[in-house]
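Reader: I have not seen this structure before. Please take me through it in short questions and answers.

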Amino acid sequence: MNQQQLHSKVGVERCTMLEPAEKAAHVGTLLKMLEHSMMEVRRAAAEALGKLDQAVLSTHAGALLKMLEDSDWRVRYAAAEALGKLDHAVLSTHADALRKMLNDSDSQVRDAARKALSMLH
């Protein structure tokens, strides 16, 4: 394992262990992690954002929307799951992007988008 992989692995582990209040305090770092070259780091950041308070999550929904276009299905899945945790009003504004995910090449991403959209009913 090279130095970058080790650093990323530590970052992923730290990210998953943070309490919700700590995650909120580190939103800037989590947003930067969404742009990381390693899929595991982007996925963990999307998952961590999905565990934030709805008000904080709503503020950063746009960053998660971008992750719906990630090349890796696990990142798209984590982003769709996180978006499904938005409150109804905010989720409804992003419904079109989630509807597009119903045609994703991965069945788990399609299921996560379907579940998120079901929150609107």
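Author: A salt bridge here is a side-chain nitrogen of Lys or Arg within 4 Å of a carboxyl oxygen of Asp or Glu. The model is a predicted one. By that definition, the number of salt bridges in the structure is six.

Reader: Which secondary structure elements does the protein have, and how many of them?

Author: Along the sequence the pattern reads α-α-α-α-α-α-α-α-α-α. There are zero strands, and the number of helices is ten.

Reader: What share of the residues counts as buried?

Author: A residue is buried when its relative accessible area is under 20%. The protein has 121 residues, and the share that counts as buried is 42%.

Reader: What part of the exposed area do carbon and sulfur atoms supply?

Author: The protein exposes about 6,800 Å². Of that area, the part from carbon and sulfur atoms is 52%.

Reader: What share of the contacts with a separation of 6 or more joins residues 24 or more positions apart?

Author: Contact means heavy atoms within 4.5 Å. Among the contacts with a separation of 6 or more, the share from residues 24 or more positions apart is 59%.

Reader: How far does helix H10 reach from its first C-alpha to its last?

Author: H10 covers residues 107-118, which is twelve residues. At 1.5 Å a residue, 16 Å is expected, and the reach in the model is close to this, at 16 Å.

Reader: Why do the buried residues of H10 lie on the same side, and what arc do they cover?

Author: The buried residues are Val109, Ala112, Ala113, Ala116 and Leu117. They are on the same side of H10 because around its axis they cover an arc of only 135°.

Reader: Which helices are included in what covers those buried residues of H10?

Author: The cover includes residues 73-83, 88-93 and 95-100, each range being a helix. Their names are H7, H8 and H9.

Reader: Which residue caps the N-terminal end of H10?

Author: The backbone nitrogen of Gln108 has a side-chain oxygen 2.8 Å away. That oxygen belongs to the capping residue, Asp106.

Reader: Which residue does Asp111 meet in a salt bridge?

Author: An α-helix has 3.6 residues a turn, so residues three or four places apart point the same way. Asp111 and its partner are three residues apart in helix H10, and therefore about one helical turn separates them. Asp111 is partly exposed at 42%, and the partner is partly exposed at 43%. The N to O distance is 2.7 Å, and the partner is Arg114.

Reader: How many residues apart in sequence are the parts that Asp104 and Arg76 tie together?

Author: The two side chains meet in a salt bridge, at 2.7 Å from N to O. Asp104 is in the loop between H9 and H10 while Arg76 is in helix H7, so the pair ties together parts with a sequence separation of 28 residues.

Reader: Is Arg76 buried or exposed?

Author: Its partner Asp104 has a relative accessible area of 11% and is buried. The relative accessible area of Arg76 is 8%, which is under 20%, so Arg76 is buried.

Reader: Which residue forms a salt bridge with Arg74?

Author: Arg74 is partly exposed at 34% relative accessibility, whereas its partner is buried at 12%. The closest N and O atoms are 2.8 Å apart, and the partner is Asp72.

Reader: How far apart in space are His88 and Leu120?

Author: His88 is in helix H8 and is partly exposed at 46% relative accessibility. Leaving aside neighbours within four places in sequence, His88 is in contact with Met119 and Leu120. His88 and Leu120 are 32 residues apart in sequence, but their C-alpha to C-alpha distance is 6.1 Å.

Terms used. Residues are numbered from 1 along each chain as its sequence is written. This is a predicted model: local features need pLDDT of at least 70, side-chain atom pairs count only at pLDDT 80 or more; totals for chains, interfaces and linings use all residues. Side-chain values use heavy atoms; hydrogens and water are left out. Helices (H or I, at least four residues) and strands (E, at least two) are DSSP runs, numbered from the N terminus. The expected span of a helix is 1.5 Å times one less than its number of residues. Buried means under 20% relative accessible area, exposed over 50%, partly exposed in between (1.4 Å probe, protein chains only). The arc is that of the directions from the helix axis to the C-beta atoms. A polar contact is a pair of N or O atoms within 3.5 Å; within protein, one must be able to donate a hydrogen and the other to accept it, and residues adjacent in sequence count only if both atoms are side-chain atoms. Accessible areas come from the Shrake-Rupley method with a 1.4 Å probe; for residues, only the protein chains shown count as cover.
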